[in-house]
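Subject: Structure handover

Hi there,

Here is the structure I promised to pass on to you. Have a look at it first, and then read my notes below.

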Amino acid sequence: MKKNPNDVEVLVFYARIEATAGNAAAARARARAAISADPKSTGAWMAQGVILEMDKDDNGARES
């Protein structure tokens, strides 16, 4: 993260780790950061969808 804070793959992985650990707010923030880093990244959008679904936001998950 220090070398390349906008590395989409790292941000997605970090978001998934935060979600698994139960840190929903941190997971959402990392997923948003990944999407901001590369709005065309399918992995970033999928991660956000899964995280939102885990956080019981079905509408947000569907939109992602």
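Let me begin with Arg28, which counts as partly exposed because its relative accessibility is 25%, a value that falls between the 20% and 50% cut-offs. Please keep in mind that this is a predicted model.

Which residue does Arg28 meet in a salt bridge? Its partner is Asp55, and the side chains come together at 2.4 Å, N to O. This pair links distant parts of the chain: Arg28 belongs to helix α2 (residues 24–37), while Asp55 sits in the loop between α3 and α4, 27 residues apart. Asp55 is partly exposed too, since its relative accessible area is 35%. If you count salt bridges in the model, the total comes to one.

The loop between α3 and α4 also holds Lys56. Here the backbone may catch your eye: Lys56 is not a glycine, yet it has a positive phi of about 65°. Is Lys56 buried or exposed? Its relative accessibility is 71%, so Lys56 counts as exposed.

Now for the charges on the surface. A patch of negative charge is formed there by Glu53, Asp57, Asp58 and Glu63. Of these, Glu63 is part of helix α4, which covers residues 58–63. With a relative accessible area of 70%, Glu63 is exposed. Asp55 is in the salt bridge with Arg28, and patches are made of residues with no salt bridge, so Asp55 could not be counted in one.

Helix α4 contains Ala61 as well. Ala61 is buried, because its relative accessible area of 18% is under the 20% cut-off. If you would like a distance to check, take Ala61 and Ala44: they are 17 residues apart along the chain, and their C-alpha atoms are separated by 12 Å.

Helix α3 spans residues 42–54, and Gln48 is found in it. What does the side chain of Gln48 contact? It makes a polar contact with the side chain of Ser64, at 2.7 Å. Gln48 is buried, given its relative accessible area of 13%.

Back in helix α2, there are two alanines to mention. One of them is Ala33, which is partly exposed at a relative accessible area of 30%. Between the C-alpha atoms of Ala33 and Asn6 the separation is 7.7 Å, although the two residues are 27 apart along the chain. The other is Ala37, also partly exposed, with a relative accessible area of 31%. Ala37 and Leu11 are 26 residues apart along the chain, and 9.0 Å separates their C-alpha atoms.

Finally, helix α1 runs over residues 8–20 and includes Ala15. How buried is Ala15? Its relative accessible area is 0%, so Ala15 counts as buried. From Ala15 to Pro39 the distance is 16 Å, C-alpha to C-alpha, with the two residues 24 apart in sequence.

That is what I have for you. Happy browsing, and do write back with any questions.

Best wishes

Technical notes: Residues are numbered from 1 along each chain as its sequence is written. This is a predicted model: local features need pLDDT of at least 70, side-chain atom pairs count only at pLDDT 80 or more; totals for chains, interfaces and linings use all residues. Side-chain values use heavy atoms; hydrogens and water are left out. Patches are made of residues with over 30% relative accessible area and no salt bridge: like charges are joined within 9 Å, nonpolar side chains (Val, Leu, Ile, Met, Phe, Trp, Tyr) within 5 Å. Accessible areas come from the Shrake-Rupley method with a 1.4 Å probe; for residues, only the protein chains shown count as cover. A salt bridge is a side-chain nitrogen of Lys or Arg within 4 Å of a carboxyl oxygen of Asp or Glu. Lys and Arg count as positive and Asp and Glu as negative; His and the chain ends are not counted. The place of a charge is taken as NZ of Lys, CZ of Arg, CG of Asp or CD of Glu. Helices (H or I, at least four residues) and strands (E, at least two) are DSSP runs, numbered from the N terminus. Buried means under 20% relative accessible area, exposed over 50%, partly exposed in between (1.4 Å probe, protein chains only). A polar contact is a pair of N or O atoms within 3.5 Å; within protein, one must be able to donate a hydrogen and the other to accept it, and residues adjacent in sequence count only if both atoms are side-chain atoms.
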